[in-house]
Amino acid sequence: MTQTKRQNASSAPAPVAALLLPLVIPALGFAASGCGSEPARLPAGETHHEVEGAAERLLVFTKTSGWRHDSIEAGVAAVKKLASENGFSLTHTEQAGYFTPENLSRYQAVLFLNTTETVFTNDAQRQAFKAFIQNGGGFAGVHSATDTEYEWPWYGGLVGAYFSNHPNNPNVRRAVIEVVNRDHPSTRHLPERWEREDEWYNFSFISQATEVLLRLDTDSYEGSDHPGNHPVAWYHAYDGGRAFYTALGHTRESFEEPLFLEHLLGGILYALGRH
């Protein structure tokens, strides 16, 4: 959807939590220093999905400051299932305050799952995320990850594009996707021409430094601003790390679609460093 802003509710911490916080913080610091592979234990609403024997951990970030997709919950559930089936653990958060060097050090990759507009509240959070990538971390972005952090050019380079608009009436329509590069875990399973429904983004900026994986056949539908060359998924090495993005994933139905789920899984595994 175009950038319609909605107010997101947040709950205030209970008074008793504030009283106990000075006692809790030293214990948390001791636990973190004693077991660096454990997820951070901060009172900020994170949920942890542990998979026995998992060597990798993914941080799933779904904060929205603009349009909020009703597919987010389905997406989180689908990624948890993928994690269980493919041997990685994950943490899900909508709290920008979770982005600290200490917390991010526990993860191999971060997934921006239908985030929108400005999701970080200060430069310290941005710098922690940037340092995570520069230290070899991975990034995966889904759909409106390109409708995110417009005022931060470094992020624009990481995700590889910025959203401009999409067709309307209807916004979700059927189109044919062409596989450009099959030498990637996100595309090896796909048919050469993949017909499906989604909300097809047009972009105001598209990086020329990425390896394109999928592009739209712009003759197969009406509404492309990039006739003949409309990329919708790509990957690249970036500033010491690695990044994958797919413009697919607007609808709830996407997260029940086997071909899309395998496409998403391949992007996540690439971000985690398995490729």
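1. A salt bridge here is a side-chain nitrogen of Lys or Arg within 4 Å of a carboxyl oxygen of Asp or Glu. Asp 198 and Arg 196 make such a pair, with 2.6 Å between the closest N and O atoms. Both partners, Asp 198 and Arg 196, are buried. There is also a network built from salt bridges with shared partners: Glu 178, Arg 193, Arg 215 and Asp 217 belong to it. Bear in mind while reading that this is a predicted model.

2. The count of salt bridges for the structure is 14. Arg 68 is worth a look, as it turns up in a bridge to Glu 94 at 2.6 Å, N to O, and in another to Glu 73, where the closest N and O atoms are 3.6 Å apart. What does the pair of Glu 94 and Arg 68 tie together? Glu 94 sits in the loop between strand E3 (88-93) and helix H3 (101-104), while Arg 68 is in the loop between strand E2 (56-61) and helix H2 (72-86), so the pair links parts that are 26 residues apart in sequence. Glu 94 has 28% relative accessibility, so it counts as partly exposed.

3. Next, a charged patch. Glu 195, Glu 197, Glu 253 and Glu 256 together form a negative patch on the surface. One of them, Glu 197, belongs to strand E8 (residues 193-199). Why does Glu 197 count as partly exposed? Its relative accessibility is 41%, and partly exposed covers the range between under 20% (buried) and over 50% (exposed).

4. Helix H6 (residues 258-272) passes a simple length check: with 15 residues at 1.5 Å a residue, a span of 21 Å is expected, and the end C-alpha atoms are indeed 21 Å apart. Is the helix mostly covered or mostly open, and how many of its residues are buried? H6 is mostly covered, with 12 of its 15 residues buried. Among the buried ones are Phe 260, His 263, Gly 266, Gly 267, Tyr 270 and Leu 272. Right after H6 comes Gly 273, with a positive phi near 100°.

5. Two non-glycine residues have backbone angles you may want to check by eye. His 143 has a positive phi, near 50°, and lies in the loop between strand E5 (138-142) and helix H5 (153-159). At 0% relative accessibility, His 143 counts as buried. Asp 239 also has a positive phi, of about 50°, although it is not a glycine. This Asp 239 lies in the loop between strand E11 (230-238) and strand E12 (241-246). With a relative accessible area of 36%, Asp 239 is partly exposed.

6. There is a cis peptide bond to note as well. It runs from Asn 169 to Pro 170, with omega near 0°. Pro 170 is in the loop between strand E6 (161-165) and strand E7 (172-179).

7. Last, a contact across the sequence. Ala 109 is part of strand E4 (residues 109-113). How far apart are the C-alpha atoms of Ala 109 and Leu 58? They are separated by 5.2 Å, although the two residues are 51 residues apart along the chain. Ala 109 has a relative accessible area of 0%, so it is buried.

Key: Residues numbered from 1 in each chain as written. Predicted model: local features only at pLDDT ≥ 70, side-chain atom pairs only at ≥ 80, totals over all residues. Heavy atoms only, no water. Patch = residues over 30% accessible without salt bridge, like charges linked within 9 Å, V, L, I, M, F, W, Y side chains within 5 Å. Areas by Shrake-Rupley, 256 points an atom, 1.4 Å probe, with all protein chains shown as cover. Lys, Arg positive; Asp, Glu negative; His and termini not counted. Charge placed at Lys NZ, Arg CZ, Asp CG, Glu CD. Helix = DSSP H or I, 4+ residues; strand = E, 2+ residues; numbered from the N terminus. Buried < 20%, exposed > 50% of the residue type's maximum accessible area, 1.4 Å probe, protein only. Expected span 1.5 Å × (residues − 1).
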